[in-house]
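Hi everyone, thanks for making room for me on the agenda. I'd like to walk you through one model today, so let me put it up on the screen.

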Amino acid sequence: MNTHEVVDLLHKIGIIPVVKLDRVDDALPLAKALIEGNLPCAEVTFRTDCAPESIRLMSENYPDMLVGAGTVLTKAQVDLAIESGAKFIVSPGLNPEVVNYCIEKEIPIVPGVANASDIELALSLGLEVVKFFPAEINGGLNAINALSGPFPNLKFIPTGGVSTENMNKYLNSNKIVAAGGTWMVKDDLINEGKFDEIAEISRKAVDKMLGFEIAHVGINPTEAEYQDGLTQFSKIFGEAPRETSMSHFVSDHIELMKQGRGKYGHIAIRTHSVERARYFLEKQGFTFDDTTLKHREDGKAQIVYFEKEIAGFAVHLVRG
């Protein structure tokens, strides 16, 4: 995978579990737990001697999992990580020698930065994505936004202090590729073999990242039912109907269609990111109608319909 492909996949996955393994035997059950938790990704840190073999086992047994190497400090570690099957390299700081070595070998690398000087060096080396570390201690998203002023084209992967509670603060920003963290793969959970708990924490993190909820329901009434529906729903919600070119909204959650998709109507599912939601749903076998895909001015996907109806309703994702 080239750098663009790795960055694109990291963005779709959204959350990068940062893993420290003390035993090689934990590598495969951990990989299985992360995949079951809908996080097919791991940054295995070179803080322990078993990192290379753990990366090899994960990569060989779960080829669809995106496995990278973290805390890479030397060129020798780069070689060892790539030989073991790592698809990307992450370092806590920015070592020009290591970065240039990766660039020359076309190895995706995300070095750590903490200030404007680090960023200037990263840009001089031709990098477009960096790790912001440690994120919360260095000012979090406020600092990233401030640094993005003079460096508008750079994207960040915040790591350090990120958790389920604050990750969406980062992930909803256009400056963020993904967020890294250890909260779902803490040392004690791994060492005590609590892989079911790791899967559950991961699943909850993904659910919160996607933020699925019903945005509204569009109903396809007959011509005779249309006016009565406007009257009755307006009484219920105490709102005057709001007309669009194809419908009337009789509340934020009920839409009466003059003409619309679906046998009975459509259901709009709100999510924090259409791109990430689509990635995770496609993993579950859902397909989408690309002719319905619409984007916002910032390039982010705003709406896309599922290819098939569900229980007689057309269904679409909408960024909220």
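I'll talk about the pockets, then a sheet, and finish with the cysteines.

One thing to keep in mind as we go: this is a predicted model.

Let's start with the largest pocket, which holds about 830 Å³ of space. Which residues sit closest to its centre? They are His4, Val7, Asp8, Val129 and Val177, out of 32 residues that line the pocket. If you look at the secondary structure around this pocket, the elements that contribute two or more lining residues are α1 (3-13), α5 (96-104), β5 (109-110) and α12 (274-283). The top contributor is α1, with eight residues. As for chemistry, the lining of the largest pocket splits into 15 nonpolar, seven polar and ten charged residues.

Now please turn to the second largest pocket, with a volume of about 330 Å³. Here 15 residues make up the lining, and the closest to the centre are Met246, Met257, Lys294, Ile303 and Tyr305. Strands come up here: β13 (254-257), β15 (288-295) and β16 (301-306) are the elements that each give two or more residues to the lining of this second pocket. By class, its lining has four nonpolar, eight polar and three charged residues.

Those strands bring us to the sheet. β13, β15 and β16 belong to an open sheet of eight strands with mixed pairing, and the order runs β11-β12-β13-β10-β14-β17-β16-β15. Which strands stand at the edges? They are β11 (242-243) and β15; each has a single partner strand, so one side of each is left without a neighbour in the sheet. Let me zoom in on one pairing. β12, residues 247-249, runs antiparallel to β13, and the two are joined over three bridges. Within this pairing, Ser247 has Met257 of β13 as its bridge partner. You've met Met257 already, among the residues closest to the centre of the second largest pocket.

Last topic, the cysteines. How many disulfides does the structure hold? Zero. Take Cys50: the closest cysteine sulfur is that of Cys41, and at 18 Å the two are too far apart for a bond, because a disulfide needs the sulfurs within 2.5 Å. Cys102 is in no disulfide either, and its nearest cysteine sulfur, again that of Cys41, is 17 Å away. Are these two buried or exposed? Cys50 is buried, with a relative accessible area of 10%, and Cys102 also counts as buried, at 0% relative accessibility.

That's my tour, and I'm happy to take questions.

How values were computed:
Residues are numbered from 1 along each chain as its sequence is written. This is a predicted model: local features need pLDDT of at least 70, side-chain atom pairs count only at pLDDT 80 or more; totals for chains, interfaces and linings use all residues. Side-chain values use heavy atoms; hydrogens and water are left out. Buried means under 20% relative accessible area, exposed over 50%, partly exposed in between (1.4 Å probe, protein chains only). On a 1 Å grid over the protein atoms alone, a cavity is a set of points where a 1.4 Å probe fits but cannot get out, and a pocket is an open set with protein on both sides within 12 Å along at least five of seven lines; lining residues have an atom within 4 Å of a point. Grid points are joined across faces, edges and corners, and a volume is the space filled by probe spheres set on the points. Helices (H or I, at least four residues) and strands (E, at least two) are DSSP runs, numbered from the N terminus. Ala, Val, Leu, Ile, Met, Phe, Trp, Tyr, Cys and Pro count as nonpolar, Asp, Glu, Lys and Arg as charged, and the others, Gly among them, as polar. Two strands pair if DSSP finds at least two bridges between them.
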